[in-house]
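The following exercises concern burial and strand pairing. Please work through each task before reading its solution.

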Amino acid sequence: MTAKVLFAGCRDLPEGTGDEHGAAKVLAEAGAEVRWAVWDDPRAPFADADLVVLRATWDYSERHEEFLAWCESVPCLRNSAAVVRWNTDKRYLLDLAAAGVPVVPTDVVVPGAEVPWPDGEFVVKPAVGAGSRGARRFGPGERMRAAAHLRALHDDGRAALVQPYQADVDTNGETALVFVGGVYSHAFTKAAMLTGPEGDAAGSAGAEKLTAADPEPEQLAAAEETLDAATGLLGMTRGDLLYARVDVVTGHDGAPLLLELELTEPYLGFAHAEGAAASRFASAVRAQLG
């Protein structure tokens with residue numbers, strides 16, 4: 001029987017960004033039937049698919065609970081609904097920090113709570129948000145503006161993260177390390193998105209400046225440690241994850257710090273890797289089918 005694979009997008013990106021086209025071609029050549037579908041389209045045959053792969057569901061933060069309920073209704077979802085529920089709320093960073101992972105210092109601020117403003121520049125971002133949407137960078141003298149942004153997030157019913165800004169990002173960007181089937185595949189660098197006190201990024205992959213990267217051994221070790229800790233917390237093995245993207249930055253002491261762990265629908269940057277990366281992803285999809 002022909003395996004049926006659905007890549008899930010959103011209404012703005014019903015067929016993703018184009019980054020997965022190479023992997024889809026490899027899967028089709030191997031005999032799979034590959035199609036795209038919008039995650040909230042009631043006509044889409046998600047229940048009939050052998051595997052549903054979250055790829056560009058980037059509007060989930062606007063309807064978070066609805067998205068989670070949909071994920072839990074889909075058989076054979078990757079990554080799984082349990083992973084999605086944990087990973088789409090950035091409070092997972094506190095879990096990883098408690099597990100010993102070096103994480104960018106993070107405070108979660110809920111409505112009515114006292115705000116632990118960092119010294120120097122800092123970032124305020126929603127706890128549930130795709131990309132950099134809703135994230136803003138503030139200077140040390142801008143706490144009133146930051147408080148107004150925080151209040152707007154709270155008024156919208158959202159908790160927020162407050163983090164000291166890691167200045168090395170302005171020079172070297174973030175390094176995104178991509179894993180497929182739990183194994184390191186490739187990496188790329190993302191230039192700073194929050195470019196100053198007024199910075200508020202749109203958060204789409206198309207707006208980011210991306211270049212291929214060869215991560216430092218310390219960065220790769222930090223990414224491996226992050227995946228081991230995350231899968232331990234989730235009660236699974238790394239091989240259970242179809243894909244993962246670990247975004248690391250350099251802290252003030254020169255050591256790598258985890259900024260984000262993307263397990264839900266990350267841009268995987270096949271266009272910024274050597275040609276075999278898409279094939280590795282396709283092979284990981286086939287392994288999940290098996």
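**Exercise 1.** Determine which residues of helix 2 (residues 64–73) are buried and what they pack against.

Step 1. H64, F67, L68, W70 and C71 are the buried residues of helix 2. Buried means under 20% relative accessible area, exposed over 50%, and partly exposed in between (1.4 Å probe, protein chains only). Helices (H or I, at least four residues) and strands (E, at least two) are DSSP runs, numbered from the N terminus.

The model is a predicted one: local features need pLDDT of at least 70, side-chain atom pairs count only at pLDDT 80 or more, and totals for chains, interfaces and linings use all residues. Residues are numbered from 1 along each chain as its sequence is written, and side-chain values use heavy atoms, with hydrogens and water left out.

Step 2. On the face turned away from the buried side, helix 2 carries the exposed residues E65 and S73.

Step 3. The partners of the buried residues are strand 1 (4–9), strand 3 (51–54), strand 4 (77–78) and helix 3 (81–87), where contact means heavy atoms within 4.5 Å.

**Exercise 2.** Establish how strand 1 is covered and with which strands it pairs.

Step 1. Of the 6 residues in strand 1, 5 are buried, so that the strand is mostly covered.

Step 2. Strand 1 pairs with strand 2 (residues 33–38) in the parallel sense over 6 bridges; two strands pair if DSSP finds at least two bridges between them. F7 has W36 in strand 2 as its bridge partner.

Step 3. Strand 1 also pairs with strand 3 in the parallel sense, over 4 bridges, and A8 stands opposite L54 in strand 3.
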